[in-house]
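Let's take a friendly walk through this structure, starting with the ligands and ending with the contact between two chains. Keep the 3D view open as you read.

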Amino acid sequence: MDFDPVFLARLQFAFTIIFHIIFPSFTIGLAAYIATLGTQWLRRGEDRYLVLMRFWTRIFAVSFGMGVVSGIVMSYQFGTNWSRFSVVAGNIVGPLMGYEVLSAFFLEATFLGILLFGFNRVPPWLYVVSAGIVAIGTLSSSFWILAANSWMQTPAGHEMQNGVAVPVDWLQVIFNPSFPYRLAHMVNAAFLTTGFVVLAVGARYVLGGRFVEEGRTSVRMAIALLVVLAPLQLFIGDQHGLNTLKHQPIKVAAMEGHWDGSKPGDLHLFAWPDEKAEKNKFEISIPRGASLILTHSLDGKFPGLKSVPPDQRPPVVTVFFAFRIMVAIGLFMIAAALFGALLWWRRTLFDTRWFLHILAQSWWIGFVAVISGWVVTESGRQPWLVYGILRTADATSPVPSASILSTLILFVLCYGVVFAAGIYYINRLIAQGPRGSAQVTPEPAISPIGGARPAGREAINK
Amino acid sequence: MVSYIPAIWAAILGAAVALYVVMDGYDLGVGMLFPFAKSEAERDQMMRSIGPFWDGNETWLVLGGGGLLAAFPLAYAVVMPALYLPVIVMLLGLIFRGIAFEFRTVSRSKKMWNAAFAFGSTVATFSQGLVLGGFVQGIKVENNAYAGGPFDWATPFALFCGVALCIGYLLLGATWLVMKTDGAVADQARTRAKFLLLGVLACMAMVSLWTPFAQPRIAERWFAMPNILYLWPVPVVTALVAFWLGRSLEKGREIAPFIATIVLFLLGYLGLAISNFPYLVPPSVTVWQAAAAPASQIFLLLGTLLLLPIIIGYVVFVYWVFRGKVKAGESYEH
Ligand code: HDD
Ligand code: HEM
Ligand code: HEM
């Protein structure tokens, strides 16, 4: 294998970003969930909400810490490995990430201090508000970074001067054609990911007969959320794909394994795209299915991979399979949520143990779907880094392969240790449960306005 | 008007980096002091004194990096490849330092994460010193891109800056502990701060002599004729502040030593700024050459002018929430 610097830089970026995105996918949803639990606690004053809130906050702290440190690495990757990219796109991507720092990172990082350490120092409402602010921070962060990424997919609102992209209309830059779809799809993905983790943990408690009350609350809250969000994701994803067909048709051709644009496309349930022979092997397909989905007509045609020369095609196998993994998980999520809701409605949810067993094992599916989705998006954009403007091969830094390779090895080793330890501790926190060792008893802790609280609650309940 | 904007950006980024150095400097200093603590309880107390703040402090580094990309993409694109290895090693150090906070609280055996915390803090600080040294000694640029090799930064001067910054952050960390803790931890920190102050002064003197000798442009900046008339107060004020710091440590003051250390750092920083302005990448790329398109600089400047005061407001608020000393044995629990 020859180590060309572009390949190594891509590998390093892919490795570090995949590691990073694992944590946002979880913390974006979890921050919102914690804030929701806090609000419920303030409104209803039931302990189980506070117990759950404090429990998830500890897990949140561990994952958020890993998200922060791996995110800081990302913001330096553009300079260390992609300095040509920074020159060509820095005028656009830079300010967007600058807004992310100013409107999101400071907010998250500062109020996290109160969420983690302030329980006995601030009144309950401020504690819950801090949780809400952290959640808003994670959403604001998604907004700006996805604007940057979407601009790289579907650039708009700029003009090229001496080979450098210069902003002309910031509103067009931010609200570029793929941004609304990507934002909705990713934020929803993060909520789904968290939903399945909460669901799995709840199911695990119910099955194990420990913390049954908290476990049931978790399962119910998760199913109520997922039964709405999982089908919604199918809808958003469909719209997202139609939009991509308009702006990056070759990416869609790779997702569908569609070679010949002169015929309607089949929906391949399975196939092995052969990039040399320019056709699929071992196809199992629904005839014209892809045309029906993408053009809403059985005779509809859309561009095939063969409409561009091979050096302008993305890696078809990667995109094709990553897309199938994501959609398969999406469909499983819908099925699980709907079935869970059905059982809940028939009041047999907590007696159907085989189903709870499946749920308890499915905490990881959201993460895999998110990573697969990003592989579709990013690999599907190849060979472009900024679509139509800058090729990946032209975007690297003047850094020798040896430097990139040695730092890549360091990243793999360090992240390996961090990840293994992180997973181990999170797992142990979950095993200890909401009433585990280091947990404070909530009652005396409500000190600051604790006395006024029950009276206020009664007044509200009347 | 538009021609001032790059200078405004240079000032904002300069301020962000200064805030980073001072604020994460004390966190990293506490990290480096970790192995010297006598017991697990003392280490708990030290860590609790920075627990609520470190993440926010580190964010100034993200603003420094992100702001550089936004306002001066060319400088970002030159500096990062030039200082590739120290920058990445710094990031790895920050990773171990950062995760140690959470992992240490949830793990049964604290040893491993104590080590990760101290090791990460030291590696990150030393690498920041290398970055500083590599920057001051100049970066080779051709055709708007870095034109040197992967180890151009590795000079005796840069290594010296690495050590010097470690001593500096240790002083910040020690005076922070004097201010924010009590009991044995604070007493030991006070004793150490006295030695560290001597070390810091020696380092500052070394740098002040070394850079003008090695870099004629810096010698000229300070010693050429009208300049010296304006600039002589800088070293004099530095000496006075050092004296104040030493006295306040002797007299058992609690807050003054930390403040004096900050002022000392800012003066050293000012000295560096005087030596290198208007170069963003010495000795060739200036603030104006590296500037982003005006539309980019203005767009983010508006947001900065609006949001930065709010940020400073809530940062101050959080410091206020966690005001007072972390007592031995007490916990903020979480
Ligand atoms: C969809 C959301 C999303 C995406 C696509 C990314 N991130 Fe991220 N990032 C977050 C969502 C997020 C977050 C939710 O805001 C994090 C994750 C967990 C956390 O601690 O904050 C975060 C943390 C985080 C931090 C640390 C912030 C701090 O100090 O508090 C930095 C510097 C970055 N990210 C930078 C990046 C860069 C340069 C990315 C692209 C290459 C990137 N992130 C992709
Ligand atoms: C249910 C059916 C789904 C469909 C039809 C669908 C469709 C799509 C499409 C077409 C893209 C590529 C867009 C582009 O690059 O232009 C995409 C990307 C992505 N998908 Fe899905 N998706 C589905 C389910 C899911 C699920 C369940 C998750 C995660 C929980 C997920 C997470 C992602 C992510 C993170 C991306 C990359 C970011 C983006 O471009 O939005 N998707 N999806
Ligand atoms: C957080 C979600 C993201 C994930 C999971 C992700 C994933 C990936 C992956 C898997 C690759 C390698 C693709 C390949 O080589 O075939 C890649 C490449 C890349 N992506 Fe993303 N990406 C994300 C967000 C972003 C954002 C927000 C940006 C910029 C603002 C970005 C910029 C890049 C760059 C510069 C490369 C390297 C060039 C390349 O190989 O394509 N990515 N990303």
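What follows covers the surroundings of the ligands, the iron atoms and the chain contact, in that order.

Please bear in mind throughout that this is a predicted model.

**Around ligand 3**

Ligand 3 is surrounded by 18 residues. The closest of them are A:Arg10, A:Ile21, A:Glu378, A:Ser379 and A:Gln382. Three of these side chains make polar contacts that you can pick out in the viewer: A:Arg10 places an N or O atom 2.9 Å from an oxygen atom of the ligand, A:Glu378 has one 2.7 Å from a nitrogen atom of the ligand, and A:Gln382 has a polar side-chain atom 2.5 Å from a ligand oxygen atom. In chain A, the elements that contribute two or more residues to this shell are helix H1 (5-44), helix H4 (124-153) and helix H12 (365-381). H1(A) provides the largest share, five residues. By residue class, the shell around ligand 3 holds eleven nonpolar, four polar and three charged residues.

**Around ligand 2**

Turn next to ligand 2, which has 22 residues around it. Here the closest are A:Arg182, A:His185, A:Thr244, A:Lys251 and A:Met326. Oxygen atoms of ligand 2 also take part in polar contacts: the side chain of A:His240 brings an N or O atom to 3.0 Å from one, a polar side-chain atom of A:Lys251 lies 2.7 Å from one, and a polar side-chain atom of A:Thr377 lies 2.9 Å from one.

Which helices supply at least two residues each to the shell around ligand 2? In chain A they are helix H6 (179-208), helix H7 (212-247), helix H8 (249-256), helix H10 (316-345) and H12. H7(A) gives the most, with seven residues. This shell divides into ten nonpolar, nine polar and three charged residues.

**The iron atoms**

Two ligands carry an iron atom with a protein donor, and the table sets them out.

| Iron atom of | Only protein donor | Distance |
|---|---|---|
| ligand 3 | A:Glu378 (OE) | 2.3 Å |
| ligand 1 | A:His20 (NE2) | 2.2 Å |

A:Glu378 sits in helix H12 of chain A, while A:His20 belongs to helix H1 of chain A. A:Glu378 thus appears twice in this tour: its side chain has an N or O atom 2.7 Å from a nitrogen atom of ligand 3, and it is also the only protein donor of the iron atom of that ligand. Helix H1, home of A:His20, is likewise the element that gives the largest share of the shell around ligand 3.

**Where chain B meets chain A**

Finally, zoom out to the two chains. The contact draws 62 residues from chain B and 69 residues from chain A. Between them the chains bury about 6,300 Å², with 75% of that area on carbon and sulfur atoms. How many salt bridges are there between chain B and chain A? The count is zero. There are, however, 15 residue pairs in polar contact between the two chains, both residues at pLDDT 80 or more.

On the chain B side, the elements that give two or more residues to the contact are helix H3 (54-71), helix H4 (73-82), helix H5 (84-106) and helix H13 (294-321). The residues of this side divide into 44 nonpolar, twelve polar and six charged.

Key. Residues are numbered from 1 along each chain as its sequence is written. Chains are lettered from A and ligands numbered from 1 in the order in which they are written. This is a predicted model: local features need pLDDT of at least 70, side-chain atom pairs count only at pLDDT 80 or more; totals for chains, interfaces and linings use all residues. Side-chain values use heavy atoms; hydrogens and water are left out. A residue is near a molecule or strand if one of its heavy atoms lies within 4 Å of it. A polar contact is a pair of N or O atoms within 3.5 Å; within protein, one must be able to donate a hydrogen and the other to accept it, and residues adjacent in sequence count only if both atoms are side-chain atoms. Helices (H or I, at least four residues) and strands (E, at least two) are DSSP runs, numbered from the N terminus. Ala, Val, Leu, Ile, Met, Phe, Trp, Tyr, Cys and Pro count as nonpolar, Asp, Glu, Lys and Arg as charged, and the others, Gly among them, as polar. Donors are N, O and S atoms within 2.8 Å of the metal (3.2 Å for Na, K and Ca); water is not among the atoms, so sites may look incomplete. Contact means heavy atoms within 4.5 Å. Buried area is the accessible area (1.4 Å probe) that two parts lose on being put together, summed over both. A salt bridge is a side-chain nitrogen of Lys or Arg within 4 Å of a carboxyl oxygen of Asp or Glu.
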